[in-house]
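The following exercises are to be worked through with the sequence and the coordinates at hand. Each task is followed by a solution in steps.

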Amino acid sequence: MSIFLDLIPVSRAEEILQDIAPPMEEEWVSLLDAYRCVLSQPITAQEDIPGFTRTVVDGYAVSASDTIGAGEALPAMLTITGRVGMGDGDAGIVRPGECRYVPTGAVIPDGANAVAMIEYAEESGDEVLVYRAVAEGENLTLQGDDFRKGEMVFPAGRRLSSRDLGVLGALGVTMVPVRRKPVLGIISTGNELISPDKTPGPGEIRDVNTYLCRGYAEERGTVPRMYGIVPDERGPLEEAIRQAVAECDLVCISGGSSKGERDMCAAILADLGTVHAHGIALAPGKPTIIGTISDVPVLGLPGHPASAYVVLVALGDVLIAAMTGSAAARITVPARCAAPIPSARGREDYIRVRLEGHDAYPLFGKSGLTNTLIESHGLLRVPDGREGYEKGAEVEVILW
């Protein structure tokens, strides 16, 4: 078994992941269950939203021309002809010289084209004094202002946020066409690992990556399935991999990809399927394994938590996006290097950074430590053709 001296570039790793990604089938889910799902079809408005012109303030529905020149010294005097209630479908009509009271969100009577705010009006018997002129359309939301009938609201491939669910509700969409959420199997390997509820003895550490990977899986709109801690032994590891591949759409194996254990993990993947890559010109994350077993993608992640998470962001995002037909889940912001950032030409470096305003401060913590994961706001990518960035260089930061 080769010991990954022939590293492949990140760009080639991305191509491999896109090639081996099994597409998720379409399904229809309830709006209540659509959070973090990826749309399989575009969503268009089937009607104007809102379906009627309504007021955005409490006040009096008027014809704007009736308020021309109105002021504190000489208010416009209009006859009030009634009040419109919330939910009233028939708001009546406003003729020249008349007005009607309307609460926020109520439909506007025919003949009215503006609303005078209640703060600038005063009722006196059957009359209303308007102390400020209004323009046509003022204080109104017009029919179709939000979305026009036939307008595309969401394209296929959009991962639905909580805000999107609210818009779907406004559109009257109760069943949503989406790609099935991939089931992501999580295996943590290591004889030194113990569960978080135990006190570590000499040489032992608590399992971090199971929970790191689970949180990542949920953030990316997949369904995590955990297989616990597996010792660095051929039999138990092979059994866990077989079970995970049979039950999941993709599998992440944390640990067992570097130095002493890498031959065993890669050998199992080779025996059960195909190893497409073992070693990527990526720092941290050089010993990453990409394989398939029965067309199920398997990612062999480094054991160090910071390295594992960088690989998930750099490569796991690409795989999940290809499986679900979505854009990679990355939000970037422009920033300025607050200190020099060195890098070795020929590999991609992902540097954890802390943002303070527009400045990005590099955090050069060791990959086996977890503190930089919470002290940082994201990653600064140094392409493989660069030897780093000078202080003051303008860069893009991938937010966590």
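**Exercise 1.** In which loop does P50 lie?

*Solution.* The model under study is a predicted one. In it, P50 belongs to the loop that runs between β3 (43-44) and β4 (54-55). The next step is to inspect the peptide bond between I49 and P50: this bond is cis, with omega at about -5°. A cis peptide bond also joins A283 and P284, again with omega of about -5°. P284 is located in the loop between β20 (282-283) and β21 (289-293).

**Exercise 2.** Determine whether the protein chain is a compact globule or more spread out.

*Solution.* Begin with the secondary structure: the protein chain contains 7 helices and 29 strands. Its radius of gyration is 30 Å, whereas the globule rule gives 21 Å for 400 residues; the former is well over the latter, so the chain is more spread out than a compact globule. Next, consider the box filled by the C-alpha atoms, which is roughly 90 × 50 × 45 Å along the principal axes. Finally, turn to the domains. Domain 1 comprises 10-23 + 181-324, domain 2 comprises 26-49 + 149-179, domain 3 spans 54-141 and domain 4 spans 332-399. The centres of domain 3 and domain 4 are separated by 57 Å.

**Exercise 3.** Classify N139 and D295 as buried or exposed, and describe their backbone.

*Solution.* First, locate the residues. N139 is in the loop between β10 (127-130) and β11 (140-141), and D295 is in the loop between β21 and β22 (296-301). Second, examine phi: the value for N139 is near 65°, which is positive in a residue other than glycine. D295, likewise not a glycine, has a positive phi of about 65°. Third, apply the cut-offs, under 20% for buried and over 50% for exposed. N139 has a relative accessibility of 16% and therefore counts as buried. D295 has a relative accessible area of 65% and is therefore exposed.

**Exercise 4.** Describe the surroundings of E14.

*Solution.* E14 is placed in helix α1 (residues 10-20). Its relative accessible area is 23%, which lies between the cut-offs of 20% and 50%, so E14 is partly exposed. Leaving aside residues up to four places away in sequence, E14 touches A314, L315 and V318. P342 is 328 residues from E14 along the chain, and the C-alpha atoms of the two are 24 Å apart.

How values were computed:
Residues numbered from 1 in each chain as written. Predicted model: local features only at pLDDT ≥ 70, side-chain atom pairs only at ≥ 80, totals over all residues. Heavy atoms only, no water. Helix = DSSP H or I, 4+ residues; strand = E, 2+ residues; numbered from the N terminus. Rg over C-alpha atoms; globule rule 2.2 N^0.38 Å. Domains from an automatic or database assignment. Buried < 20%, exposed > 50% of the residue type's maximum accessible area, 1.4 Å probe, protein only. Contact = heavy atoms within 4.5 Å.
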